[in-house]
Amino acid sequence: MSGLLLGCIADDFTGATDLANNLVRAGMRTVQVNGVPAGEAPTGVDAIVVALKSRTIRPADAVAQSLAALRWLQAQGVEQVYFKYCSTFDSTPAGNIGPVADALLDALHGPGQGFSIACPAFPENQRTVFKGHLFVGDLLLSDSGMRHHPLTPMTDANLVRVLQAQARRKVGLVAQDVVQRGPAAIRERFAALQAEGVGLAVVDAISNEDLMRIGEALAGMPLVTAGSGIAIGLPQNWRARGLLPEGRRADALPAAGGAQAVLSGSCSTATHAQVADWRARGLPVFTIDPLALAHGERVVEAVLEWATPLLARGPVLVSATAEPAVVKAVQAELGAERAGTLVEEALSGIARGLVRAGVRQLVVAGGETSGAVVQALGVTRMAIGPQIDPGVPWTGVESPLCPGELLHLALKSGNFGSTDFFSKALRLLAGAGA
């Protein structure tokens with residue numbers, strides 16, 4: 001056995017690196033694996049994150065994949081299991097957060113038994129929960145850009161109501177006034193909710209101090225379900241037992257080389273601003289038209305013909321980021337699933353071509369896009385490196401497309417990152433930051 005302390009199941013690839021980033025920042029040696037591995041976990045690590053691409057697939061398939069990941073983590077002897085979803089609670093009335101949480105609790109405790117929390121809060125990225133309502137900055141989730149998400153539009157900020165629509169277990173609330181009183185009060189509230197028949201509790205959090213209080217209260221809880229923010233507060237429990245040394249750096253990566261590129265498949269508000277910033281800097285951009293893909297045009301070949309001679313002079317951006325009105329029009333003509341698949345397949349083909357052309361520093365924006373690209377590059381394991389912005393680290397990976405060479409890869413959730421994220425990421429890697 002590898003002696004793992006924490007085993008994590010993430011419902012997309014950017015979310016997995018987001019979670020791993022917070023664990024690494026807290027001194028936990030962390031490895032991300034993409035898909036459920038066949039063999040044993042690597043040795044010399046404290047936490048392992050299994051990245052799935054299960055956020056928007058059928059609930060039954062998401063449950064099956066998550067249970068397979070759980071069985072593998074249990075075989076590695078992990079002390080605690082962490083089901084990670086997005087800090088904007090991306091889901092539909094059918095799931096997949098509720099069904100997966102129910103299934104994991106059933107597997108760990110028995111049908112209908114057990115208790116866990118639900119907390120997507122990540123204050124460093126302006127995601128807070130108050131009175132059970134999720135805020136993005138100063139806006140309720142339902143008033144934010146997430147209301148226009150092409151796959152999981154979030155039109156209700158009341159997480160108790162959202163989760164109850166998906167879950168079989170009764171959903172309750174641990175409110176801010178309880179959280180502020182500290183870990184003992186939080187555990188008392190857990191016990192009271194369980195006595196009332198509650199199996200899942202939404203927990204308020206508006207600051208990192210709240211995350212630390214909640215984290216301490218979760219010591220020994222077999223299953224935690226949350227965004228990546230809760231990971232800020234969990235490592236202290238193992239440090240208190242002497243299992244994590246103080247001051248250990250866990251984010252070092254080898255120096256980077258090769259050409260640089262950015263792929264953007266997200267249509268989030270934050271990514272729109274990042275693409276606009278890149279254009280404003282006068283850097284080269286190729287914009288993909290999903291309708292051209294649908295009409296059979298040679299878009300992938302055209303992008304690679306455009307990009308290859310430019311790579312020697314500097315980074316390039318290939319963007320499928322579009323305004324909400326454009327997304328709706330494309331989906332109306334092609335259907336949401338076909339439109340998304342066409343873009344993912346195109347960006348995956350472009351990623352393969354760019355790596356073959358010498359790109360060794362690649363930024364990918366968008367959860368679904370990141371999952372597709374990672375799979376297309378044949379990446380199975382990721383070493384977590386330095387943070388670029390909250391929730392987004394550089395990683396070091398190996399790909400059969402560049403055997404014997406390290407590929408530096410940054411996977412950015414659509415909603416994360418500063419306006420200058422793309423150029424900042426490449427500057428950090430080129431400097432002493434990595």
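**Buried face of H11 and loop backbone in a predicted model**

Me: Which residues of helix H11 are buried?
Reply: This is a predicted model in which local features need pLDDT of at least 70, side-chain atom pairs count only at pLDDT 80 or more, and totals for chains, interfaces and linings use all residues. Residues are numbered from 1 along each chain as its sequence is written, and side-chain values use heavy atoms, with hydrogens and water left out. Buried means under 20% relative accessible area, exposed over 50% and partly exposed in between (1.4 Å probe, protein chains only). In H11 (residues 299-307; helices are DSSP runs of H or I, at least four residues, strands runs of E, at least two, numbered from the N terminus), the buried residues are Val299, Val303, Leu304 and Ala307.

Me: Within what arc do the buried residues of H11 fall?
Reply: The arc is taken from the directions from the helix axis to the C-beta atoms. The buried residues of H11 line one face of the helix, because they fall within an arc of 130°.

Me: Is phenylalanine 89 buried or exposed?
Reply: Phenylalanine 89 lies in the loop between S4 and H3. Phi of this non-glycine residue is positive, near 55°. Since its relative accessibility is 0%, phenylalanine 89 counts as buried.

Me: Is glutamine 126 buried or exposed?
Reply: Glutamine 126 sits in the loop between strand S5 (116-119) and strand S6 (127-130), and its phi is positive, near 60°. With 52% relative accessibility, glutamine 126 counts as exposed.

Me: What is omega for the peptide bond from glycine 95 to asparagine 96?
Reply: Asparagine 96 is in the loop between strand S4 (80-84) and helix H3 (97-109). The bond is cis, with omega near 20°.
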